[in-house]
Amino acid sequence: MSTEQPANTAAQDEITPYAEGQQQQAVHDDSYGPRWGEVRSEGDYVYFGNEKYLRSELASAFGGMMNPGLAPPQKPEYANPAPLGLSGFALTTFVLCLINCGARGVHIPNIVVGLGYFYGGAAQLIAGFFELFLGNTFGGVAFCSYGGFWMSWAAIETPAFGITAAYDGHAQELDFVVGLFMLAWAIFTFFMMIMTLKSTLAFWLLFFLLTITFLLLGIGSISQKVGVTKAGGVFGILTAFAAWYNAYAGLANPQNSYLVIKALPLPDLEDRWRGRKEKKAEQA
């Protein structure tokens, strides 16, 4: 009897790590299972894929982090890339839209080419890549897309690309295609704006103003009406200040500033709709 017991123990010692390894492998494989990428809630818990979080632990919608809704808390070992992308977008937009307004009689926009390549372009792309790395799909898509916008706009103004040279003798056609370029970005921005309707007022306002800006600039370029282009410039300046506001909200905290911005959430229309539906059900 005494000789059999150690043999069984040894056998168990050999089997247990293998079984644990199988369980760990199963859990790892399950993280990429059928619920991967799915967001659902059960009571006080919210599931992002197969990761489970208490609702109270989740980060709320906040423009300073380019977060349009509830999201897993950001890992403390990583910095917040959103203020960099927002600042690059804001400053580049501000300068170009001042020129669109004809400030101080300036009409040649080439001073913005450097900003378009490096601050509004490259800096936003870097911020977008880090947002994707941190798991913020919305922020990554927004920054990478608008970084690409500024770099493509700068390419139009760069003679080496030969874009404007291809329209020599066809100035009206060039204005028309630039207008289409702007209108296409207005469509994209409109869809991005829809995804901020559950966020904060400042975050939604940024995309709303940007949609109007692209729309007016596109119409102004196609119609060749200076007044419409100037109106687009005014809305662009307002957009730049909205972006700077959100950037400041992401940077300022009680440790570095006496003025900390408190997010103002938009009304939850879904809860109101559910409340009305429940009242109708009770009355019935």
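In this tour, helices and strands are DSSP runs, numbered from the N terminus; a helix has at least four residues and a strand at least two. The model on the screen is predicted.

**First stop: residues 201–219.** Select this span and display the backbone. The chain here is 100% helix and 0% strand. The C-alpha atoms at its two ends are 27 Å apart. The unreviewed UniProt entry annotates residues 201–219 as a "transmembrane region".

**Second stop: residues 82–99.** This span carries the annotation "transmembrane region" in the UniProt entry as well. Its end C-alpha atoms lie 26 Å apart, and the span is 100% helix and 0% strand. The record also lists residues 111–130, 174–195 and 231–248 under that annotation.

**Third stop: the cysteines.** Select Cys 97 and show its side chain. How many disulfides does the structure hold? The number is zero. For Cys 97, the nearest cysteine sulfur belongs to Cys 101 and is 6.8 Å away. A disulfide requires two cysteine sulfur atoms within 2.5 Å, so Cys 97 and Cys 101 do not form one. Cys 97 is buried, with a relative accessible area of 2%. Cys 144 may be selected next: at 18% relative accessibility, Cys 144 also counts as buried, because the cut-off for that class is under 20%.

**Fourth stop: helix α5.** Select residues 171–194. This helix has 24 residues and reaches 35 Å from its first C-alpha to its last, close to the 34 Å expected at 1.5 Å a residue. Which residues of α5 are buried? They are Leu 174, Gly 179, Met 182, Trp 185, Ala 186, Thr 189, Met 192 and Met 193. Add α4 (137–156) and α6 (201–223) to the view, for the buried residues of α5 pack against both.

**Fifth stop: Trp 185 and Phe 188.** Display these two side chains within α5. Their rings form an edge-to-face aromatic pair, 5.7 Å centre to centre, with 85 degrees between the planes. Trp 185 and Phe 188 are three residues apart in helix α5, and therefore about one helical turn separates them. An α-helix has 3.6 residues a turn, so residues three or four places apart point the same way. Trp 185 is buried at 16% relative accessible area, whereas Phe 188, at 24%, counts as partly exposed.

**Last stop: the aromatic cluster.** Widen the selection to the whole structure, where a search finds 21 aromatic pairs. Ring pairs link Trp 185 and Phe 188 into a cluster with other residues, including Phe 89, Phe 138, Tyr 146, Trp 150, Phe 181 and Phe 207.

Terms used
Residues numbered from 1 in each chain as written. Predicted model: local features only at pLDDT ≥ 70, side-chain atom pairs only at ≥ 80, totals over all residues. Heavy atoms only, no water. Buried < 20%, exposed > 50% of the residue type's maximum accessible area, 1.4 Å probe, protein only. Expected span 1.5 Å × (residues − 1). Contact = heavy atoms within 4.5 Å. Phe/Tyr/Trp six-rings, centres within 6.5 Å; stacked < 30°, edge-to-face > 60°. UniProt positions renumbered as here; feature names shortened; annotations may be inferred.
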